[in-house]
Amino acid sequence: MDQFICPVCTEQGRNENSALLRRVGGALKCPRNHSFDVSARGYVNLLLAQHKNVKDPGDSKEMAAARREFLNTGAYKPLLDGVCAAAAELTDGMANPTVADCGCGEGYYTAGIYEALTEKSSPEIYAVDISKNALSAAKPRFTGKAVYPAAASIFRLPLKSGSVDLATVIFAPLCGDELLRILNPRGCLIMVIPAREHLFALKKLLYEKPYYNEVKPYTVNGFTFLGKDEIRGESEITDQSTLNALFMMTPYYYKTSPKDSERLYSYFEEHDKFTVETAFEILKYRKEVIV
């Protein structure tokens, strides 16, 4: 875990080379002796108190558990396979690729990328998420892997500038400036977004006037667009618990009234299956070379 930098030193404007964190016993420490304990769940907390908007930011324990429950059904395995193929493509020929998974959640995609890349290389992955609950849930996925999780904001990534070969942003906000900073001159980016019709049946169940997702232009400042891979299919859900878990891991969980939510929570009282569209776009970029 040689690429983590001290958030206190960098907040004070100190040079990143003098702010690198090193493992000392059960903590990470910088040369100025700022110390950050590695928790029993395997992650280090590099999110400073003044950068929190709430006491416990990001996914709650319940949301992290719901995400793990749904992803473990394999419903999004085609997306995982697509992301892994893209990661292998963009790191082809690298013996020791360094990857930053920005907004890693409970680690489903992170662990999959690691396993895919180890077929031809020895990767290191820095997994960053603002939710300590999600990182706690990720421990079983990361055990035995060169995956280093940290609680931090993706808008203040605790990584040395130019230290990353590949960054992934999977259903997470995009902070282009930070990605440009941490990527090396030929570094690449994978971004996953929902396609127009993704989960439309779920929205039909929840809302009187369902809407399609807005797919924005693919242009990202400072990056060259390399192309996209589309993953489309259907997921068949046969029990209420899995449907609830899907709902809880989406943004609609925050936006839907209790009255509208009840239609979903009682769905299997009258039905024996629920079929929903899945549609993703895997966008690939390379950092532009400045000459």
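What radius of gyration does the chain have, and what would a compact globule with 291 residues have? The chain has 20 Å against near 19 Å for the globule, so the two agree; the radius is taken over C-alpha atoms, and the globule rule is 2.2 Å times the number of residues to the power 0.38. Keep in mind that this is a predicted model, where local features need pLDDT of at least 70, side-chain atom pairs count only at pLDDT 80 or more, and totals for chains, interfaces and linings use all residues. Residues are numbered from 1 along each chain as its sequence is written, and side-chain values use heavy atoms, leaving out hydrogens and water.

**Overall build**
- The C-alpha trace spans about 60 × 40 × 30 Å along its principal axes.
- Of the 291 residues, 53% count as buried (under 20% relative accessible area, 1.4 Å probe, protein chains only).
- You'll find 10 helices and 11 strands here (DSSP runs: H or I of at least four residues, E of at least two, numbered from the N terminus).

**Where H2 meets H8**
- The axes of H2 (residues 61-71) and H8 (residues 240-248) come within 8 Å and cross at roughly 120° (lines fitted to C-alpha atoms over the stretch in contact, with angles from 0 to 180 degrees between N-to-C directions).
- On H2, the contact uses Glu62, Met63, Ala66, Glu69 and Phe70 (contact means heavy atoms within 4.5 Å).
- H8 brings Ser241, Thr242, Ala245, Leu246 and Met248 to that contact.

Note on methods:
Buried means under 20% relative accessible area, exposed over 50%, partly exposed in between (1.4 Å probe, protein chains only).
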